[in-house]
Structures are given as C-alpha cells and as structure tokens.
Amino acid sequence: MTINKDKYGSDLKLKLQSYAPITETSWKLIENIAEFQLLEKGEILLRNGQIAKEIYFICKGALRAYITDKEGNIYNKNIFLEGFLAGSTVSLLQQTPSNFTIEALEDCVLIAINYKKYRELINQNEDLKNYYIAYLEKNWVIEKEQREISLVMENATERYLDLLAKHPDISHRIPLLHIASHLGITPTQLSRIRKSLDQKT
C-alpha cells in the first residue's frame, strides 16, 4: 500500500486545527513525534490488557474497539473511520491495561503519535493546550453525552440513520454484525431495519 505522506500529514494537521488554531511551530513539533504505520485487515493494534503507548490518527481504513465478557461474548465499543483519532484514552491517561481490543476491519494507514511526548508538547505549548481541551470537551463530554442519550431516547432505526448520516458508505465497508454490535442491536434487527428503509425509498 502506497502512503501519500504529504496528504495524510495535511489531513492530521487539519483535524487538529478543527478544534483550535495551532502554530506552524507546534505542528512541526507534532510531526517530529509522529510515525506512519500500516495495519492489515484483521490485525490487532491494541490488545485487551495491554498498556497503550500511542494515540492513532486514521489516514485510511477502519478500526473497531471491542470488549469481550467473561462468557466470551464480544461487544463493539466503537468503530473508527478515516479522520478519527483512536486509542484507549483511559489506558493512555492512567498507564493501566486497556479494557478493550482495537482491531483493523480494513487495511489501514495510521499515524502513530507517542502519547508521553504528545502530552509533554501539550503541557509546554499554550496553543496545543487549547487544542487538547477543545478535543476532550468535544469527544469525551459533548459527543459521549449525545451517544448516551441516543441509546436511551432514539430507537435503533434512528441510531442507524444517524450513523449513515456521518458515514454514508459504512454499510458497504463494515460487516453488518459489527455495525449491529456498535448500535447495541442484533444483526437480525439491523437486517429488518435495512429492509424496512429500502422499502420506503
């Protein structure tokens, strides 16, 4: 797989700046601790029980974070596509074992950022500090609350339509059983929803 480093680097820069302005100097510092990484479909990026060391920007491909219970049942915690930052935030912050596994659902191009060095840069640079606060507020306060409310207030069809609005091609890329698990429903329920929606169009 060829890597368009200039394009993907620019994508990451735009992602960071979508939260708050960062200077060219700070961007160069981020670039210096970032490395490109290829991941094949089915490959594990982070295992349950492993302590996370990097945060990842997805340049191309898809990842899923899943939890396995004591009976061996698997539940998708999240699905990450291009343009998203992925990782085990609790594991990174506390340097404790991750409670979930991250697996590639497609061949992926990632930018891996060493979290310890990343936090040092954030602590040393005011613009990166502002970016990080905005990032945490959006992803771990606003969007987390919206997702929790949608699980209670929206029915499965509404949650599926919300997912399609954000990622129109997801059903062509991700196996339906993973999408169903992400939505908190069974694959059979998702099939019924898709059939019902098809009949309405």
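**Helix 4 and the largest pocket**

User: Which residues of helix 4 are buried?
Analyst: Happy to start there, keeping in mind that this is a predicted model. Helix 4 spans residues 115–124, and buried here means under 20% relative accessible area. The residues of helix 4 that are buried are Tyr115, Tyr118, Leu121 and Ile122.

User: Why do they lie on the same side of helix 4, and what arc do they cover?
Analyst: Directions around the helix axis settle this one. The four lie on the same side of helix 4 because the arc they cover is only 120 degrees.

User: Which exposed residues does the face turned away from the buried side carry?
Analyst: Let's turn helix 4 around. Among what covers its buried residues are helix 2 (24–32), strand 3 (54–60) and helix 5. The face turned away from that buried side carries the exposed residues Lys116 and Gln124.

User: Which residue caps the N-terminal end of helix 4?
Analyst: Look for a side-chain oxygen close to a backbone nitrogen. The backbone nitrogen of Lys116 has such an oxygen 3.2 Å away. The residue that supplies this cap is Asn114.

User: Which element gives the most to the lining of the largest pocket?
Analyst: Good one to trace on the model! The pocket has a volume of about 1,200 Å³ and is lined by 43 residues. Elements giving two or more residues include strand 5 (74–80), helix 6 (156–166) and helix 8 (176–183). With twelve residues, the top contributor is helix 5.

User: How many charged residues does the lining of the largest pocket have?
Analyst: Sorting by class helps. Nonpolar residues number 20 and polar ones 13. The count of charged residues in the lining is ten.

Notes: Residues are numbered from 1 along each chain as its sequence is written. This is a predicted model: local features need pLDDT of at least 70, side-chain atom pairs count only at pLDDT 80 or more; totals for chains, interfaces and linings use all residues. Side-chain values use heavy atoms; hydrogens and water are left out. On a 1 Å grid over the protein atoms alone, a cavity is a set of points where a 1.4 Å probe fits but cannot get out, and a pocket is an open set with protein on both sides within 12 Å along at least five of seven lines; lining residues have an atom within 4 Å of a point. Grid points are joined across faces, edges and corners, and a volume is the space filled by probe spheres set on the points. Ala, Val, Leu, Ile, Met, Phe, Trp, Tyr, Cys and Pro count as nonpolar, Asp, Glu, Lys and Arg as charged, and the others, Gly among them, as polar. Buried means under 20% relative accessible area, exposed over 50%, partly exposed in between (1.4 Å probe, protein chains only). The arc is that of the directions from the helix axis to the C-beta atoms. Contact means heavy atoms within 4.5 Å. A polar contact is a pair of N or O atoms within 3.5 Å; within protein, one must be able to donate a hydrogen and the other to accept it, and residues adjacent in sequence count only if both atoms are side-chain atoms.
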